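User: I am new to this structure and would like to learn how to read its features. Where should a reader begin?

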Amino acid sequence: MGTIHLFRKPQRSFFGKLLQEFRLVAADRRSWKILLFGAINLTCTGFLLMWCSSTNSIALTAYTYLTIFDLFSLITCLISYWVMMRKPSPAYSFGFERLEVLAVFASTVLAQLGALFILKESAERFLEQPEIHTGRLLVGTFVALSFNLFTMLSIRNKPFAYVSEAASTSWLQEHVADLSRSLCGIIPGLSSIFLPRMNPFVLIDLAGAFALCITYMLIEINNYFAVDTASAIAIALMTFGTMYPMSVYSGKVLLQTTPPHVIGQLDKLIREVSTLDGVLEVRNEHFWTLGFGSLAGSVHVRIRRDANEQMVLAHVTNRLYTLVSTLTVQIFKDDWIRPALLSGPVAANVLNFSDHHVIPMPPLKGTDDSNPVTSTPTKPSSPPPEFSFNTPGKNVSPVILLNTQTRPFGLGLNHGHAPYSSVLNQGLGVPGIGATHGFRTGFTNIPSRYGTNNRIGQPRP
């Protein structure tokens, strides 16, 4: 019997566990800065949403969504700190690195959903354009721009920094890079800022603020309210185009795919491992991205019987560990046995249905119209066959293939031989007599030729 706990502690709820983990993260001094920026972000977002309502500007609303995205990025940064504090558990043997990948994927997808919502609202406004008040439009633009840039440049967000560099470039980055090359040709000192490509988050903040400034000027000069809707569409498209490559990259990591830029290096390492001393075959290799910048993999290695398992394991791990941080190597020795061909009389203790593959012989025709010399049908008007001594069924010896499949021992399975009496009681036909199929391994003594029988004292039918 197990231990009886009279006063067992009640299990904590989900929110209780979440609060406990939050306290663990808040105890680290590095997270205080993130929590401070998160509080400032909530305040700025509240003011911006009020100004969006007072100005009736959908372009400012689209730009405010970038501030909300900054809040998601701060939460992702906190999750990254929590992942570094937690160690792998029996339930999560690979650790919690995939949690920050999931946070990046969720943040970028939510940003794209916000952009789609802005596009839908903008399409409705084209049918009936409302009046835009520019009183707080420019103020809200500079408040949002200042806070976004200050957050991006002050907080080192490891997950988003890695994704922005590893993911493919967006169309906005490509166009800006073309303009930057021309500008850096005139002013070479700007190459360190604009080349090879700008930070996508800083770039979209600057582009959105520029679109709002143009909106403010055109509304103030000509009362052209439709430009607010056009600016909202432009900001939504830039947001969608910037977040889409990051969603694709993080989604591929969640799907456990192999990064394309490391496939060639992995193939080279596998070829090097296959040439190690004692290694016969490398198979069932599988490598996938565990988190941002970390690979996991498993491989099966077949070695010679006389090879040292620990030595081969050390060499294989040393070769692959340069690229794969979490590696599982399964080594097994070669147990291959060549199949043997036995012909002629076979001993009785060799035959066993569970250990051999028996080739069933085709049924023979009735013996009423057979020639006892050639064991072939005779015809009154035909001459005797020329190859009467090599006809099928006369001089062909039984062929038995030994089973080369190895059995797993130590699993509590019964590996005994089946008794021959149980085989004989199953109604198997006798070869060479009737029209039913027969197995020549069903008898204790097997004749070496067809057409004969070893039943002593019984007449042959």
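Analyst: Let us begin with a single residue. Gly-140 has a relative accessible area of 0%, so this residue is buried. Please keep in mind throughout that the model is predicted.

User: In which helix is the place of Gly-140, and which residues does Gly-140 touch beyond those up to four places away in sequence?

Analyst: Gly-140 has its place in helix H5. Not counting residues up to four places away in sequence, Gly-140 touches Leu-48, Trp-51 and Leu-60. A separation along the chain may also be set beside one in space: Gly-140 and Leu-212 are 72 residues apart along the chain, and their C-alpha atoms are separated by 9.7 Å.

User: How should the packing of two helices be read?

Analyst: Two packed helices are described by the angle between their axes and by the distance between those axes. In this model, the axes of helix H3 (residues 58-85) and helix H5 (residues 137-154) come within 10 Å and cross at roughly 25°. H3 is therefore roughly parallel to H5, the cut-off for that description being an angle under 35 degrees. The crossing in which H3 passes H5 is left-handed.

User: Which residues make the contact of H3 and H5?

Analyst: From H3 come Leu-60, Tyr-63, Leu-66, Thr-67, Asp-70 and Leu-74. From H5 come Leu-137, Gly-140, Thr-141, Ala-144, Leu-145, Phe-147, Asn-148, Thr-151 and Met-152. Sorted by class, the contact of H3 with H5 has nine nonpolar, five polar and one charged residues.

User: At what angle do the axes of helix H1 and H3 cross?

Analyst: The axes of helix H1 (residues 14-26) and H3 come within 10 Å and cross at roughly 90°. H1 is therefore roughly perpendicular to H3. Here Glu-21, Leu-24 and Val-25 in H1 meet Leu-78, Trp-82 and Met-85 in H3. The contact of H1 with H3 divides into five nonpolar, no polar and one charged residues.

User: Is Ser-73 buried or exposed?

Analyst: Ser-73 counts as buried because its relative accessibility is 4%, and the cut-off for that term is under 20%. Its place is in helix H3. Leaving aside neighbours within four places in sequence, Ser-73 is in contact with Asn-157 and Phe-160. The C-alpha atoms of Ser-73 and Thr-151 are separated by 9.7 Å, with their positions 78 residues apart along the chain.

User: How is a nonpolar core to be read?

Analyst: In soluble globular proteins, nonpolar side chains tend to be buried together. In this model, the largest nonpolar core holds 29 residues, of which Leu-60, Tyr-63, Ile-118, Leu-212, Ile-235 and Met-238 touch the most other members. The elements giving two or more residues to this core are helix H2 (30-55), H3, helix H4 (97-127), H5, helix H7 (171-186), helix H9 (200-222) and helix H10 (226-254). H9 supplies the largest share, seven residues.

User: Which residues is Met-238 in contact with, leaving aside its neighbours within four places in sequence?

Analyst: Met-238 is in contact with Trp-171, Leu-172, Ile-204, Ala-207 and Gly-208. Apart from the largest core lies another, of 20 residues, among them Leu-295, Val-312, Val-329 and Ile-331.

User: How many helices and strands are there in the chain?

Analyst: The chain has 13 helices and six strands. Of its 461 residues, 35% are buried. Among contacts between residues at least 6 apart in sequence, 75% join residues at least 24 apart.

Terms used. Residues numbered from 1 in each chain as written. Predicted model: local features only at pLDDT ≥ 70, side-chain atom pairs only at ≥ 80, totals over all residues. Heavy atoms only, no water. Axes fitted to C-alpha atoms, helices over the stretch in contact; angles between N-to-C directions. Helix = DSSP H or I, 4+ residues; strand = E, 2+ residues; numbered from the N terminus. Parallel < 35°, antiparallel > 145°, perpendicular 65-115°, else oblique. Left-handed = near helix turned anticlockwise from the far one by under 90°. Contact = heavy atoms within 4.5 Å. Nonpolar A, V, L, I, M, F, W, Y, C, P; charged D, E, K, R; others polar. Core = buried A, V, L, I, M, F, W, Y, C linked by side-chain atoms within 4.5 Å. Buried < 20%, exposed > 50% of the residue type's maximum accessible area, 1.4 Å probe, protein only.
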